[in-house]
Amino acid sequence: MTLTDEFEHVALGNEEDEPVVTPRLPLSDGVPGAAAPAVKALLDEQLLDQMVAQVRADGGRLTGPGSFLSEMCKAVLERGLQAELGAHLGYGKHDPAGKGSGNSRNGSTPKTVQTEIGPIPLDVPRDRSGTFTPLLVPKGERRLGGLSDVIISLYAGGMTVRDICHHLQRVYGTEISPDTVSVVTDAVLDEVKAWQTRPLDAVYPIVYIDALVVKVRDGAHVRNKAAHLVVGVDCDGVKHVLGIWLQNSEGAKFWLSVLTELRNRGVR
C-alpha cells in the first residue's frame, strides 16, 4: 500500500469509495494551529508513526518532488477536488441519480502546481458541460500556499530574480522561471505605489525625521544609500510610517522635496 492509498483509506467513510463530506476548514485562515483539530481527528499517533517509519525505511524526504509531504498534499487536494465536483454535480460517483442529469464526470486534466513543499502533480477532475470551477485549486492557478509571499519576502531582502529561482529550486525543489518571479514581484508594485501616495492626516503632534544609511542592491552591486524616514504619531498615539525615500546621500534639498510631498498629501 502506498502512502497515497493509505491516506485515502483513512479519508474514505463507506464501502462505495465516496469521500466523507465534513465541515470545511480553510487551509490557512491566518490563525496559528487552526487546522490542528482537523488533523488530529483524521490521523492518530499510531498511523503517523507508521508513516514516519515508512518514509525513513524508504530513505524519502519530507519536501521536494515525490516527498512525504507532497504526496500527502496531493492526496488531500485531489480528494477535495473530487468532493467539490460531487457537490457541483449534485450526486456522488456511480450514483444512479446522475443518469439523465445533463451533466456528468468527464475524466481529469493533469496539472502541476508549485508550493512551498515542492511541485505537486494533480489530476483535476472535470465535467462534460465545462461548468465546474474548483475553488481549492482555481483555474489558471499555478502557485498555492504562501509561495508568492516567500518570493516577495526574498525579493524584499535584496535577492535578484535569478537568485530567488536558484533558492526555490535548491530549498523547495520548485522550478520557477525568472519571468514568473518577475510577475509575482510586479503584482505588488501597484500596492506599493498606492501606499507611497496615500492621503495623510492633517495633524501629527509628533513627527520623527531621520535618514539611515542602508545597503541596497543596485544592479550587480551593493551600494550604501540614505533611506529618508518620516514617522508620525497621530492624535491617538499610534505611530505611522508616512514614507520612505531612497537617495544616494542625505541632503537639505532632498529633505525639502520630502516635506513638500508630505504637505501635498495633506499634512499641515
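This tour moves through a predicted model, going from a nonpolar core to a buried lysine, a surface patch and the salt bridges.

**Core**

Begin by selecting L147, V150, I151, L154, V161, I164, C165, L168, I176, V181 and V184, the eleven residues that make up the largest nonpolar core. If you then colour by secondary structure, you will find that the elements giving two or more residues to this core are α5 (147-156), α6 (161-172) and α7 (178-186). In soluble globular proteins, nonpolar side chains tend to be buried together.

Stay with this group and centre the view on L154, which, when residues up to four places away in sequence are left out, touches M159, I164, H167 and L168. Of these partners, I164 and L168 are themselves listed among the core residues.

**A buried lysine**

Next select K225, which has its place in strand β4, spanning residues 221-233. Is K225 buried or exposed? Its relative accessibility is 18%, and because the cut-off for buried is under 20%, K225 counts as buried. To see what surrounds this lysine, display L212, V213, V214, V216, D218, Q247 and N248, which K225 touches when residues up to four places away in sequence are not counted.

**Surface patch**

Now switch to a surface representation and select W195, V241 and I244, which together make a nonpolar surface patch of about 250 Å². Within this selection, I244 belongs to strand β5, which covers residues 239-247, and with a relative accessible area of 43% I244 is partly exposed.

**Salt bridges**

How many salt bridges should you look for? The count comes to two, and each can be shown as a pair of side chains.

For one of them, select K74 and E78, whose closest N and O atoms are 2.7 Å apart. Both residues lie in helix α4 (residues 68-89), and because they are four residues apart there, about one helical turn separates them. E78 counts as buried at 13% relative accessibility, and K74 likewise counts as buried, at 15%.

For the other, select E261 and R265, where the side chains meet in a salt bridge with an N to O distance of 3.6 Å. Here the partners fall into separate accessibility classes, since E261 is partly exposed with a relative accessible area of 27%, whereas R265 counts as buried at 9% relative accessibility.

Definitions and conventions:
Residues are numbered from 1 along each chain as its sequence is written. This is a predicted model: local features need pLDDT of at least 70, side-chain atom pairs count only at pLDDT 80 or more; totals for chains, interfaces and linings use all residues. Side-chain values use heavy atoms; hydrogens and water are left out. A nonpolar core is a set of buried Ala, Val, Leu, Ile, Met, Phe, Trp, Tyr and Cys residues joined through side-chain atoms within 4.5 Å. Buried means under 20% relative accessible area, exposed over 50%, partly exposed in between (1.4 Å probe, protein chains only). Contact means heavy atoms within 4.5 Å. Patches are made of residues with over 30% relative accessible area and no salt bridge: like charges are joined within 9 Å, nonpolar side chains (Val, Leu, Ile, Met, Phe, Trp, Tyr) within 5 Å. Accessible areas come from the Shrake-Rupley method with a 1.4 Å probe; for residues, only the protein chains shown count as cover. A salt bridge is a side-chain nitrogen of Lys or Arg within 4 Å of a carboxyl oxygen of Asp or Glu.
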